[in-house]
Amino acid sequence: MHIVLLGAQGSGKGTQAEILAKKHGIPHISTGDILRAAMKAGTPLGAKAKAYVDRGELVPDEVVIGIVRERVAEPDCRKGFIFDGFPRTTPQADALAQALTDQGLALDAVVLIEVARDILMDRMTGRRVCRSCGATYHVTLNPSKQAGVCDACGGELYQRADDNPESIRTRLEAYDQQTTPLIEYYRQRGLLAEVDGLGPIESVAARLEAAVKAKESKAR
Ligand code: AMP
């Protein structure tokens, strides 16, 4: 199962990618997580990405494409992956297709998770992330059992620096301008499925699973 999740920030891609990846025993690859880990570790990649991530702008294509080319060449990607937050531009989508072809792989489905704009803002400002394991919560919609503490590993929950109203606006603008053309890109290639991202996490997960299955059986 080689899947890309598309959707605006706050649409629940990360949460859903995690569920799908666990269920199918395949890696969840988030370029945002990779960049944040590099920033935290102070690597050259992190230093290159930091100013863009802090402003809510996209990191240059060649930087993220380099990360992804290396990642899809790792052995665990042979049996599948869930991409979350990549590709975000047409050059990234072209580069992903090429990198997969080079590995003898291909995408099975691209699932767009749709959520109305006014709801996205609320989801992002209320988001909390575990410093240790990266699990995500929402202060009201999906709270941890104990405030500020991760249910999964006991780590400290924090608010991402770019989950503030100004960065959120910039990020949504970047999504509208640079990422939405990918909806048509993947529709034309027969890979696109659309799911409603509203409602309980488990209901969205069930819709997503059904959408992926439908795409896979059509491809067979
Ligand atoms: P995310 O966690 O997916 O919301 O990503 C956080 C930030 O990382 C984004 O606002 C961008 O600055 C950067 N980023 C993540 N993925 C990409 C990508 N595919 N292309 C460019 N920038 C990215």
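Hi everyone, let's start right at the ligand: one of its oxygen atoms sits 2.9 Å from an N or O atom in the side chain of R36. Please keep in mind that this is a predicted model.

R36 has company. The side chain of T31 places an N or O atom 2.8 Å from a nitrogen atom of the ligand. With E57 the backbone does the work: a backbone N or O atom there lies 2.6 Å from a ligand oxygen. As for how much of the ligand is covered, taken alone it exposes 480 Å², and the protein buries 96% of that.

Let's widen the view to the whole shell. How many residues surround the ligand? There are 16, and the closest are T31, R36, E57, G85 and R88. By character, the shell residues divide into 6 nonpolar, 4 polar and 6 charged. Which helix gives the most to that shell? That would be α2, residues 31–41, with 4 residues.

Now, for those of you who like helix geometry, have a look at α4, which runs from residue 61 to 72. Its 12 residues reach 16 Å from the first C-alpha to the last, close to the 16 Å expected at 1.5 Å a residue.

And which residues of α4 are buried? They are V63, V64, I65, I67, V68, R71 and V72, so to speak a list with an arginine in it. The cover over these buried residues includes two strands, β2 (28–30) and β3 (81–84), along with helices α2, α3 (44–55) and α5 (90–102). So α2 turns up twice in this talk: in the shell around the ligand, and in the cover over α4.

Thanks, and I'm happy to take questions!

Technical notes
Residues are numbered from 1 along each chain as its sequence is written. This is a predicted model: local features need pLDDT of at least 70, side-chain atom pairs count only at pLDDT 80 or more; totals for chains, interfaces and linings use all residues. Side-chain values use heavy atoms; hydrogens and water are left out. A residue is near a molecule or strand if one of its heavy atoms lies within 4 Å of it. A polar contact is a pair of N or O atoms within 3.5 Å; within protein, one must be able to donate a hydrogen and the other to accept it, and residues adjacent in sequence count only if both atoms are side-chain atoms. Accessible areas come from the Shrake-Rupley method with a 1.4 Å probe; for residues, only the protein chains shown count as cover. Ala, Val, Leu, Ile, Met, Phe, Trp, Tyr, Cys and Pro count as nonpolar, Asp, Glu, Lys and Arg as charged, and the others, Gly among them, as polar. The expected span of a helix is 1.5 Å times one less than its number of residues. Buried means under 20% relative accessible area, exposed over 50%, partly exposed in between (1.4 Å probe, protein chains only). Contact means heavy atoms within 4.5 Å.
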